[in-house]
Amino acid sequence: MELKDILRDILKRDYGIETDAQLMQAIREQKPLDIGIFVSQPASQQAKAC
C-alpha cells in the first residue's frame, strides 16, 4: 500500500473525508494556527527590540 493510500484511509476513517473536494474544503475552513512560539524574529527586528 502506497503512502497516499494510507493517508486517504486515515482521512476517511478519522475525519470522514473521502474526496479531493472534501479535503480542499476542510483545509479552507480550518482555523488558523499561530506558530509564533516556534519561530524566532529576524536579526534586524531583534536588534530594534533591544
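## Close-up views of a three-helix chain

L7 lies in helix α1, which covers residues 3-15. This is a good place to begin, and the legends below move from the whole chain to single residues. Please keep in mind that the model is predicted.

**Figure 1. The whole chain is built from helices, without strands.** Three helices and zero strands make up the count here. If you follow the sequence from its start, you meet the pattern α-α-α. Of the 50 residues in the chain, 2% count as buried. The accessible surface amounts to about 5000 Å², and carbon and sulfur atoms account for 57% of that area.

**Figure 2. A nonpolar patch on the surface includes L7.** Six names are worth finding in this view: M1, L3, I6, L7, I10 and Y15 together make a nonpolar surface patch of about 660 Å². Is L7 buried or exposed? The answer sits in between: L7 is partly exposed, because its relative accessible area is 44% and the partly exposed range runs from 20% to 50%.

**Figure 3. A salt bridge joins D20 and R8.** Here the two side chains meet with N and O 2.7 Å apart. The pair links distant parts of the chain, since D20 belongs to helix α2 and R8 to helix α1, twelve residues apart. Both partners can be seen from outside to some extent: D20 is partly exposed at a relative accessible area of 46%, and R8 is partly exposed at 42%.

**Figure 4. R13 and D14 form another salt bridge.** How many salt bridges are there in total? The count comes to two, and this view shows the pair R13 and D14, whose closest N and O atoms are 3.0 Å apart. R13 is exposed, with a relative accessible area of 61%, whereas D14 counts as partly exposed at 44%. The cut-off explains the wording for R13: its 61% is over 50%, so the residue is called exposed.

**Figure 5. Q22 reaches back to the backbone of E18.** Q22 is found in helix α2, which spans residues 20-29. What does the side chain of Q22 reach? It extends to the backbone nitrogen of E18, at 2.6 Å. Setting aside its neighbours within four places in sequence, Q22 is also in contact with G16 and I17. With a relative accessible area of 34%, Q22 is partly exposed.

Terms used. Residues numbered from 1 in each chain as written. Predicted model: local features only at pLDDT ≥ 70, side-chain atom pairs only at ≥ 80, totals over all residues. Heavy atoms only, no water. Helix = DSSP H or I, 4+ residues; strand = E, 2+ residues; numbered from the N terminus. Buried < 20%, exposed > 50% of the residue type's maximum accessible area, 1.4 Å probe, protein only. Areas by Shrake-Rupley, 256 points an atom, 1.4 Å probe, with all protein chains shown as cover. Contact = heavy atoms within 4.5 Å. Polar contact = N/O pair within 3.5 Å; in protein donor to acceptor, adjacent residues only side chain to side chain. Patch = residues over 30% accessible without salt bridge, like charges linked within 9 Å, V, L, I, M, F, W, Y side chains within 5 Å. Salt bridge = Lys/Arg side-chain N within 4 Å of Asp/Glu carboxyl O.
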